[in-house]
Amino acid sequence: MQTIEINTAQNVKIDYELAGIRYRIFAFLIDFLLMCAMLIIAIAVFDFVFINIHELVIELIAFIILSFYSLFSEILLKGQSLGKKAMGIKIIKINGAELEFYDLFCRWSTRLIDIYLSLGGIAFFLISSNKNGQRIGDIIAGTCVIKTLNTYQFTLNDIEKLNQRFIETDKLKYPFVKRLSEQDVLLIKKLLLSI
């Protein structure tokens, strides 16, 4: 599990788990299927409205959807396309600043080179070999793709199993700890792990 430490504008350091290649490929495939569905629907609507749709119009619709889907969706969803949202990943700035149009435009403008013309080969190589999991667009824009879904799920039973041997050998120093709820214990555990 690769992580990246981001220093936010409030000078707080946060560790994020980087989205691996698998997550990014599945997000791309979901987005591609959505683009195909949008293309089919748009052609059907135009064909229904205008009866005989010209081939040039079909090509123009396809070009617009396939070219600008990722840029517009990442702008509207603040660093996520629908595929990224479904996979629980998001684009963020490495310096902790908010994403701006320029950042997303830089990422989008290099897709032709590192994704489409190389069939994803350049992006795959760079994401695999870069410590921050960046492709050309991410390097230029100063961004990376992180996981937004929490992959750690602890229950009170998990915590009790970890501490069972200590409870058996040591006397309980804080008897009121038994009154804490499971959520309180999980919060304390997460805070202690983050220190």
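The following questions and answers walk through a predicted model of one protein.

Trainee: How many helices and strands does the secondary structure of the protein come to?

Mentor: Read along the sequence, the elements follow the pattern β-β-α-α-α-β-α-α-α-α-β-α-α, which begins with two strands and ends with two helices. The secondary structure as a whole comes to nine helices and four strands.

Trainee: Among contacts between residues at least 6 apart in sequence, what percentage join residues at least 24 apart?

Mentor: Contact here stands for heavy atoms within 4.5 Å. Among the contacts in the protein between residues at least 6 apart in sequence, the share that joins residues at least 24 apart is 62%.

Trainee: Which residues make up the largest nonpolar core, and which elements each supply at least two of them?

Mentor: The largest nonpolar core has nine residues in all, namely Ala 19, Ala 27, Leu 71, Met 87, Ile 89, Ile 91, Leu 104, Trp 108 and Val 145. Apart from this core lies another, of seven residues, among them Met 35, Ile 61, Ala 62 and Ile 65. Within the largest core, the elements that each supply at least two residues are β3 (89–93) and α4 (101–109).

Trainee: Which residues is Val 145 in contact with, leaving aside its neighbours within four places in sequence?

Mentor: Val 145 is itself one of the residues of the largest nonpolar core, and Ala 19, Ile 89 and Ile 91 of that core are among its contacts. With its neighbours within four places left aside, the full list for Val 145 is Leu 18, Ala 19, Arg 24, Ile 89, Lys 90, Ile 91, Arg 107 and Asp 138.

Trainee: Is Arg 135 buried or exposed?

Mentor: Arg 135 has its place in the loop between α6 (121–129) and α7 (136–141). Not counting residues up to four places away in sequence, Arg 135 touches Arg 24, Arg 107, Thr 110, Arg 111, Asp 114, Ile 115, Ala 123, Leu 126 and Ile 127. Since buried means under 20% relative accessible area, and the value for Arg 135 is 2%, this arginine counts as buried.

Trainee: Where on α6 do its buried residues lie, and which helices do they pack against?

Mentor: The buried residues of α6 are Ala 123, Leu 126 and Ile 127. Seen down the axis of α6, they fall within an arc of 95°, so they line one face of the helix. An α-helix has 3.6 residues a turn, so residues three or four places apart point the same way. The helices that the buried residues of α6 pack against are α1, α5 (111–117) and α7.

Trainee: What makes up the nonpolar surface patch, and which helix gives the largest share of it?

Mentor: The patch, of about 700 Å², is made by Ile 41, Val 45, Phe 46, Phe 48, Val 49, Phe 50 and Val 57. One of these, Val 45, lies in helix α1 and is partly exposed, with a relative accessible area of 46%. The largest share of the patch, six residues, comes from helix α1 (residues 21–50).

Trainee: What is the phi of Lys 78, and what is the phi of Leu 119?

Mentor: Most residues other than glycine have a negative phi. Lys 78 lies in the loop between α2 (55–76) and α3 (82–87) and counts as exposed at 60% relative accessibility, while Leu 119 is found in the loop between α5 and α6 and counts as exposed at 79%. Neither residue is a glycine, yet Lys 78 has a positive phi of about 55°, and Leu 119 has a positive phi of about 55°.

Terms used
Residues are numbered from 1 along each chain as its sequence is written. This is a predicted model: local features need pLDDT of at least 70, side-chain atom pairs count only at pLDDT 80 or more; totals for chains, interfaces and linings use all residues. Side-chain values use heavy atoms; hydrogens and water are left out. Patches are made of residues with over 30% relative accessible area and no salt bridge: like charges are joined within 9 Å, nonpolar side chains (Val, Leu, Ile, Met, Phe, Trp, Tyr) within 5 Å. Accessible areas come from the Shrake-Rupley method with a 1.4 Å probe; for residues, only the protein chains shown count as cover. A salt bridge is a side-chain nitrogen of Lys or Arg within 4 Å of a carboxyl oxygen of Asp or Glu. Buried means under 20% relative accessible area, exposed over 50%, partly exposed in between (1.4 Å probe, protein chains only). The arc is that of the directions from the helix axis to the C-beta atoms. A nonpolar core is a set of buried Ala, Val, Leu, Ile, Met, Phe, Trp, Tyr and Cys residues joined through side-chain atoms within 4.5 Å.
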